[in-house]
Amino acid sequence: MNKITNHMPTEELQRLDAAHHMHPFTTGDEVNAKGARVITRAKGVTLTDSEGNEILDAMAGLWCVNLGYGREELAEVAARQMKELPYYNTFFQTTHVPAIALSERLAQLAPGDLNHVFYSGSGSEANDTNIRMVRTYWAEKGKPEKTVIISRHNAYHGSTVAASALGGMSGMHAQSGMIPDIHHINQPNWWAEGGDMSPEEFGLARAQELEAAILELGEGRVAAFIGEPVQGAGGVVIPPETYWPEIQRICDKYEILLIADEVICGFGRTGNWFGCQTLGIKPDIMTVAKGLSSGYAPISASIVSDEVATVMNGCEFNHGYTYSGHPVSAAVALENLRILDEEGIVETAGRETAPYLKERFESLGDHPMVGDVRIVGLMGSLALTPDKTTRAKFASDAGTVGFMCRERCFANNLIMRHVGDRMVISPPLVITKAEIDTLIERARTALDEAYEEVKAAGLWVAAS
Ligand SMILES: Cc1ncc(COP(=O)(O)O)c(C=O)c1O
């Protein structure tokens with residue numbers, strides 16, 4: 001077997017990649033024809049590719065490298081743990097120190113009485129866990145008919161069959177179908193769907209869809225509501241201020257478990273340790289992943305309340321993964337949390353970095369193609385529009401213009417993602433003010449170039 005290294009020519013790596021590697025959320029033929037971008041190293045907020053380009057990663061990978069790249073402490077902890085105890089499971093009345101220590105730390109960090117942790121390997125698996133957990137919880141409480149989980153259109157809760165059914169991405173539903181007893185209500189996306197309502201009226205109306213759904217489905221059948229405090233993959237949809245208090249009121253009134261999917265929002269992303277603190281939500285279960293280990297090792301968790309844990313502890317939970325609480329991942333996560341805390345990274349991100357990023361990001365609002373700028377903490381988005389005054393969509397297929405803009409970002413050594421025709425950022429929390437200036441400068445250049453391209457292609461047309 002030939003040794004494949006960073007030092008091989010890019011074309012050769014791309015050829016081998018195209019021959020044997022299938023990429024997630026990618027059209028294989030397209031990437032194989034063009035050649036995938038090969039990332040070779042990373043430090044802080046900067047990626048280096050096989051051509052030596054230095055790219056500012058304004059997405060923190062997939063919204064996960066909160067700590068930034070290249071922290072050797074995490075590598076050292078992983079190596080130490082691998083030598084001491086590379087693997088053992090937490091099934092059958094067994095535990096180990098990394099799982100014990102991480103659970104204690106998460107119970108300290110999580111708000112309220114969210115004091116108990118069930119581990120999985122990814123955000124998707126944790127949400128699968130939540131589905132089984134809430135149904136088991138209600139069965140244990142003598143209400144086995146409470147099985148329906150209410151979620152939202154355009155939500156993202158993961159890619160397993162159950163988590164994608166729980167999410168609201170129609171393209172995913174089309175490829176794998178649904179599972180029983182998942183119900184979707186509309187999302188609180190005022191810019192795209194608010195019509196003539198004020199954001200406050202719209203937020204309230206969208207939250208009240210939850211009450212209508214509970215009444216329609218029957219109170220006795222609904223087990224839980226799940227929502228991301230701020231929808232991430234749906235395009236950084238920051239709900240109007242009226243939204244979450246009304247959702248909370250309805251969950252409390254009908255005794256529906258509230259699951260906050262904090263896979264993106266957790267660990268500093270919204271300016272506090274958890275999105276539910278920023279948005280004023282009191283969940284019964286929180287899903288966490290990504291920033292838990294800053295992406296250095298795969299790990300996720302469902303952090304549950306005293307009450308949920310008390311009920312669950314009364315039965316055998318027929319659920320778990322080989323890698324639930326994996327000792328290396330748990331040790332890495334613990335070290336990540338230590339650094340985020342001791343270096344004041346979450347605090348500084350909320351207090352200093354977020355206001356600066358907000359000011360600079362909002363300055364892009366004067367660009368002719370930018371209609372809406374939304375940002376909370378270190379996650380933000382720009383809606384591209386051919387007419388700011390009417391919040392018009394482009395006549396072209398959703399995502400055509402966004403894709404063009406994303407390509408111009410790449411060409412300018414900036415990673416921004418597009419969700420339809422919205423451009424999204426979620427940089428590492430350690431981004432400096434100088435790096436924010438670079439991010440904004442490159443984003444503006446990319447917008448200028450995309451604007452010219454869109455006009456030249458005859459796409460500067462509003463949908464009727
Ligand atoms: C809110 C949310 N939940 C769940 C997931 C799924 O996490 P994973 O990709 O680790 O399975 C994601 C991934 O982006 C997410 O954003």
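Against which helices do the buried residues of H14 pack? The legends below address this point and two further regions of the predicted model.

**Figure 1. Close-up of helix H14 (residues 327-342) in the predicted model.** The buried residues of H14 pack against helix H4 (72-84), helix H5 (97-109) and helix H15 (345-362). H14 comprises 16 residues and reaches 22 Å from its first C-alpha to its last, close to the 22 Å expected at 1.5 Å a residue. Because 12 of these 16 residues are buried, H14 is largely enclosed by the rest of the structure. The buried set begins with the run Pro327, Val328, Ser329, Ala330, Ala331, Val332 and Ala333, and it further includes Glu335, Asn336, Leu337, Ile339 and Leu340. Glycine 344, which follows H14, has a positive phi, near 65 degrees.

**Figure 2. Residues around the ligand.** The shell contains Ser122, Gly123, Ser124, Asn127, Tyr156, His157, Gly158, Glu228, Asp261, Val263, Ile264 and Lys290. Helix H6 (residues 123-140) supplies the largest share of this shell, three residues. By residue class, the shell divides into three nonpolar, six polar and three charged members.

**Figure 3. Polar side-chain atoms at the ligand: serine 124, aspartate 261 and lysine 290.** An N or O atom in the side chain of serine 124 is 2.4 Å from an oxygen atom of the ligand. A nitrogen atom of the ligand has a polar side-chain atom of aspartate 261 at 2.8 Å. For lysine 290, a polar side-chain atom lies 2.9 Å from an oxygen atom of the ligand. On its own the ligand has 390 Å² of accessible area, of which the protein covers 83%.

**Figure 4. Surroundings of aspartate 181, in the loop between helix H8 (170-176) and strand S6 (182-185).** Is aspartate 181 buried, exposed or partly exposed? With a relative accessible area of 29%, aspartate 181 is partly exposed. Its side chain is joined to that of threonine 147 by a polar contact of 2.7 Å. Leaving aside neighbours within four places in sequence, aspartate 181 is in contact with Thr147 and also with Arg135, Val148, Ile149 and Arg221.

**Figure 5. Aspartate 181 and alanine 18 in one frame.** These two residues are 163 residues apart along the chain, and a distance of 39 Å separates their C-alpha atoms.

Conventions
Residues are numbered from 1 along each chain as its sequence is written. This is a predicted model: local features need pLDDT of at least 70, side-chain atom pairs count only at pLDDT 80 or more; totals for chains, interfaces and linings use all residues. Side-chain values use heavy atoms; hydrogens and water are left out. Helices (H or I, at least four residues) and strands (E, at least two) are DSSP runs, numbered from the N terminus. Buried means under 20% relative accessible area, exposed over 50%, partly exposed in between (1.4 Å probe, protein chains only). Contact means heavy atoms within 4.5 Å. A polar contact is a pair of N or O atoms within 3.5 Å; within protein, one must be able to donate a hydrogen and the other to accept it, and residues adjacent in sequence count only if both atoms are side-chain atoms. The expected span of a helix is 1.5 Å times one less than its number of residues. A residue is near a molecule or strand if one of its heavy atoms lies within 4 Å of it. Accessible areas come from the Shrake-Rupley method with a 1.4 Å probe; for residues, only the protein chains shown count as cover. Ala, Val, Leu, Ile, Met, Phe, Trp, Tyr, Cys and Pro count as nonpolar, Asp, Glu, Lys and Arg as charged, and the others, Gly among them, as polar.
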